[in-house]
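Let's take a walk through this model together, starting with its cysteines and then moving on to the empty space inside.

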Amino acid sequence: ALADGTGDRPCVFEVFARRLPPGRRYGVVAGTARLVEALESFRFDEAELELAAGFLAPRTVEWLRDFRFSGDIDGYREGDFYFPGSPILSVSGTFAECVLLETLTLSIFNHDSAIASAAARMVSVADGRALIEMGSRRTHEEAAVAAARAAYLAGFDSTSNLQAAQRYGIPAAGTAAHAFTLLHTTTAGRDEASAFRSQVESLGVGTTLLVDTYDITEGVNTAIAVAGPELGGVRIDSGDLGVLARQVRAQLDGLGATRTKIVMSGDLDEYGIAGLRAEPVDAYGVGTSLVTGSGAPTAGMVFKLVEVDGIAVEKRSAAKESRGGAKRAVRYARRTGTLVEEVVYPARAEQVPPGEGSQVHELMIPLVRGGEAVGDLPTLEESREYLRQGMVRLPWEGLTLSAGDPALPTR
């Protein structure tokens, strides 16, 4: 494109998902702030240019040497919903500078939105109980930090990833490991009491003790004998969690530890959490199903050219079609606030198309102008609260875990 002169043609690219993952009724937009931040340092240094010189034309290398995105970006705000066809992001500029952002944009949005969408489903069925993100050991080390951020955005209360806590100000939480209990094995046999005693002496009685390394009933008895009835919590990481929750709650109450909380973990997903709603569980630790493909399937977003020199262009490939032209979107709601439908329309339209519902909400906000981030973008805490409020406005059938149509139609 640089060689034939078309690299400088003004273009518009859009990010959207053709469909939601199977079983999903809505998606959650996440990664917006990370993309804007990443753009600030998206440059090519001399070492990278030297490597590029081995397979790129000299003209291209020189173009990369001076690269700095100078276009505009509008998009849905973080913490908003998306549905099939939603124009989540609109990137305007020259063809060359926009197309260079494809991998950066999709790697952030597909990852973060997949995690946030899975996390939001878990939050919706947790019934107000605390959720700890514990997925760091199931994914790439940098992906783990981004996953913790996306989960917190979607309503998780804390993370076990200290880098995420440091970088994004997310509350950190965790419990002891089985290895710590096993460490206190002696020649005479296991010494669970010593492990518990050490933890309590170091961290106080408000700590959470892991009681299922050996026998859970014995572990609970030992935990209360060591820490007393003011013990903060016990964690169970295996077994039939519903049955164990009832048994342990009765046991704790019988020992006078009526305020000791029960934390459950162990391959929990939204279905497992929903199955425990009637049980006396105070908090959940979620890892694998949150950060891996089984629980957080890719968001399936694509980055497609939709306009060249103001002329709409569209892809016609079977099952991979796109609609041409730059777009905007609004969402209509009833007077009660319940969302009704999303309407996508040409960006240059003189007025917003009519829709069902008495309230209309503009979905796209300016994110980047002239290559610079727009000031006062929503913070992580603001986006988290925005999603929390949005979940209340979804039609009730959109919150079910069963497969079905998207929670809102997109017209």
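Cys-11 counts as buried, with a relative accessibility of 5%. Keep in mind as you look that this is a predicted model. Cys-98 is buried too, and its relative accessible area is 0%.

With two buried cysteines in view, how far is the sulfur of Cys-98 from the closest cysteine sulfur? That closest sulfur belongs to Cys-11 and lies 6.8 Å away, which is too far for a bond. A disulfide needs its two sulfur atoms within 2.5 Å, so the 6.8 Å between Cys-98 and Cys-11 rules this pair out. Seen from the other side, Cys-11 has Cys-98 as its nearest cysteine sulfur and is in no disulfide. If you search the whole structure, you will find zero disulfides.

Now for the empty space. How many cavities of 30 Å³ or more does the structure hold? There is one, and the largest cavity contains about 40 Å³ of space.

To find this spot in your viewer, try selecting some of the lining residues. Among them are Pro-21, Arg-24, Tyr-26 and Gly-27, along with Tyr-82. The lining also includes Ser-113, Ala-114 and Ser-117, as well as Pro-297, Thr-298 and Ala-299. Helix α5, which spans residues 102–125, gives the largest share of this lining, with three residues.

What sort of surface do these side chains and backbone atoms belong to? Sorted by class, the lining of the largest cavity has six nonpolar residues, four polar ones and one charged residue.

Key
Residues are numbered from 1 along each chain as its sequence is written. This is a predicted model: local features need pLDDT of at least 70, side-chain atom pairs count only at pLDDT 80 or more; totals for chains, interfaces and linings use all residues. Side-chain values use heavy atoms; hydrogens and water are left out. On a 1 Å grid over the protein atoms alone, a cavity is a set of points where a 1.4 Å probe fits but cannot get out, and a pocket is an open set with protein on both sides within 12 Å along at least five of seven lines; lining residues have an atom within 4 Å of a point. Grid points are joined across faces, edges and corners, and a volume is the space filled by probe spheres set on the points. Helices (H or I, at least four residues) and strands (E, at least two) are DSSP runs, numbered from the N terminus. Ala, Val, Leu, Ile, Met, Phe, Trp, Tyr, Cys and Pro count as nonpolar, Asp, Glu, Lys and Arg as charged, and the others, Gly among them, as polar. Buried means under 20% relative accessible area, exposed over 50%, partly exposed in between (1.4 Å probe, protein chains only).
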